[in-house]
Amino acid sequence: MKWFNTLSHNRWLEQETDRIFNFGKNAAVPTGFGWLGNNGQVRADMGTHLWITARMLHVYSVAACMGRPGAYALVEHGITTLNDALRDKQYGGWYACVNDEGVVDASKQGYQHFFVLLGAASAVTTGHPDARPLLDYAIEVIEKYFWSEQEQMCLESWDEAFSKTEDYRGGNANMHAVEAFLIVYDVTSERKWLERALRIASVIIHDVARKGDYRVNEHFDTSWNPMRDYNKENPAHRFRAYGGTPGHWIEWGRLMLHLRAALEARFETPPDWLLEDAKGLFYATIRDAWAPDGADGFVYSVDWDGTPIVRERVRWPIVEAMGTAYALYTVTGDAQYEAWYQKWWDYCMKYLMDYENGSWWQELDPHNEVTTKVWDGKQDIYHLLHCLVIPRLPLAPGLAPAVAAGLLDSNAK
């Protein structure tokens, strides 16, 4: 049974994409894009987070390139608020969180700034006149504060005044730097962004994770030595969970295949390990995290021997798994990846997709009942594009640039 690159399946993906776009537009607030609750309404108590606003700018840039009426206005809203309420006009960069009264968290987080870079680069593809200046400024901030020439990796965070950086190096922030760098490359054609993406992947995946059965370490000291006990007392942390976070393992696999495709598009020969390690990450995620306790679903985190730690099933890992299954199928033609993709869609339809309140549930317990141990609400719709739009695109160029180039459904028969 074939789904990939068929008109019938792509039509179904299109319908679900529009349902998600319609849900997400409710997030617009004067200071950016707010935190959506399970009922689809903004939770004012959560404030306006930089990472959500930047990701929603990215999302609606894709929607605008898909010709969705109203999306361009949301692109403009995202750009405006990134230039206003969330931007630190004194010290530079962007605040982590604001609300209607002012700044809630003035720290400068690499994870969040890389999403600004992604959102700005995606917005450039819409032709909005303010998008390129936003991207140029984001690049300036990244170059000055977050890309370390000495380490050839990305720093984690700074205080408000960019005077003190954290003695911690994070795999999560660097992974999303790779994602953003690929899109920046697509819109600028500057090869250094591919070089940086390849360097980050080589350190975190090929040098470290590969030697640990592809259980990706995300916590490092300033010399890039793994810190395996980091956050052991707080294993369900949203951004720095203790142990391995398998959703990131499989997400890394897709990003490495995008990088591989970008190098091939330049008529360059990518290193063999990009594909080899992508496969290894895919298999490791299934080995350790898929239904280890008998019930379907990916557990949130595992220990270094593969034992589940946080057994809740969070939405984004399975979404990323479907995107990576498509990417691996595209490269290899191996039918097993399509079989997993179909199995995972059946799971999502049964447990995660919420047709009553909108969008998808963000978190389920080990019995696949809705819960809020790690996440409360349906914060944004960014990850969902990776199972709804990416399976209709080539692997290069990246998401928004590919849609803007008219490549959506170009492989469908």
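# Exercises: pockets, cavities and annotated sites

**Exercise 1. Place H383.**

Leaving aside neighbours within four places in sequence, H383 is in contact (heavy atoms within 4.5 Å) with R55, E251, W316, V319 and E320. The model is predicted: local features need pLDDT of at least 70, side-chain atom pairs count only at pLDDT 80 or more, and totals for chains, interfaces and linings use all residues. Residues are numbered from 1 along each chain as its sequence is written, and side-chain values use heavy atoms, with hydrogens and water left out.

Task: find the element that holds H383, and decide whether H383 is buried or exposed.

Solution.
- Step 1. H383 sits in the loop between β13 and α12. Helices (H or I, at least four residues) and strands (E, at least two) are DSSP runs, numbered from the N terminus.
- Step 2. The relative accessibility of H383 is 9%, so H383 counts as buried. The cut-offs are under 20% relative accessible area for buried, over 50% for exposed, and partly exposed in between (1.4 Å probe, protein chains only).

**Exercise 2. Relate the active-site record to the fold.**

Task: state which residues UniProt lists for "active site", and trace the surroundings of H248.

Solution.
- Step 1. The unreviewed UniProt entry lists H248 and H383. UniProt positions follow the numbering used here, feature names are shortened, and annotations may be inferred rather than shown by experiment.
- Step 2. The two are spread over 136 residues of sequence but cluster in space, with a largest C-alpha distance of 11.8 Å.
- Step 3. Both H248 and H383 belong to the lining of the second largest cavity.
- Step 4. H248 lies in helix α8. With 6% relative accessibility, H248 counts as buried.
- Step 5. Not counting residues up to four places away in sequence, H248 touches N172, M175, E218 and W316. W316 is also one of the contacts of H383.

**Exercise 3. Describe the second largest cavity.**

Task: give the volume of the second largest cavity, then name the residues nearest its centre.

Solution.
- Step 1. The volume is about 160 Å³. On a 1 Å grid over the protein atoms alone, a cavity is a set of points where a 1.4 Å probe fits but cannot get out; a pocket is an open set with protein on both sides within 12 Å along at least five of seven lines; lining residues have an atom within 4 Å of a point. Points are joined across faces, edges and corners, and a volume is the space filled by probe spheres set on them.
- Step 2. Of the 16 lining residues, R55, Y111, W316, W375 and H383 lie nearest the centre.
- Step 3. Helices α2, α6, α8 and α10 each supply at least two lining residues.
- Step 4. The lining has five nonpolar, six polar and five charged residues. Ala, Val, Leu, Ile, Met, Phe, Trp, Tyr, Cys and Pro count as nonpolar, Asp, Glu, Lys and Arg as charged, and the others, Gly among them, as polar.

**Exercise 4. Place the binding-site residues.**

Task: list the "binding site" positions in UniProt, and characterise R55 and Q379.

Solution.
- Step 1. The unreviewed entry lists R55, Y111, N172, H176, R238, E251, Q362, Q379 and H383. The lining of the second largest cavity includes R55, Y111, N172, H176, R238, E251, Q362, Q379 and H383.
- Step 2. R55 lies in helix α2, residues 50-65. At 4% relative accessibility, R55 is buried.
- Step 3. Beyond neighbours within four places in sequence, R55 contacts Y111, F115, D380, Y382 and H383.
- Step 4. Q379 is in the loop between β13 (363-364) and α12 (385-388). Its relative accessibility is 1%, so Q379 is buried.
- Step 5. Setting aside residues up to four places away in sequence, Q379 touches G34, W35, L36, W51, I52 and Q362.

**Exercise 5. Check helix α10.**

Task: test the span of α10 against its residue count.

Solution.
- Step 1. The expected span is 1.5 Å times one less than the number of residues. For the 18 residues of α10 (315-332) that gives 26 Å, and the end C-alpha atoms are 26 Å apart, which agrees.
- Step 2. Of these 18 residues, 15 are buried, so α10 is largely enclosed by the rest of the structure.
- Step 3. G333 follows α10, with a positive phi near 75°.

**Exercise 6. Contrast the largest cavity and the largest pocket.**

Task: give the volume of the largest cavity and of the largest pocket.

Solution.
- Step 1. The largest cavity holds about 210 Å³. Among its 21 lining residues, I183, R254, H258, G398 and L399 are closest to the centre.
- Step 2. Helix α6 gives the largest share of that lining, five residues.
- Step 3. The largest pocket has a volume of about 280 Å³. Closest to its centre are Q109, Y111, Q112, H237 and F239.
- Step 4. Helix α6 also gives the most to the lining of the largest pocket, with three residues.
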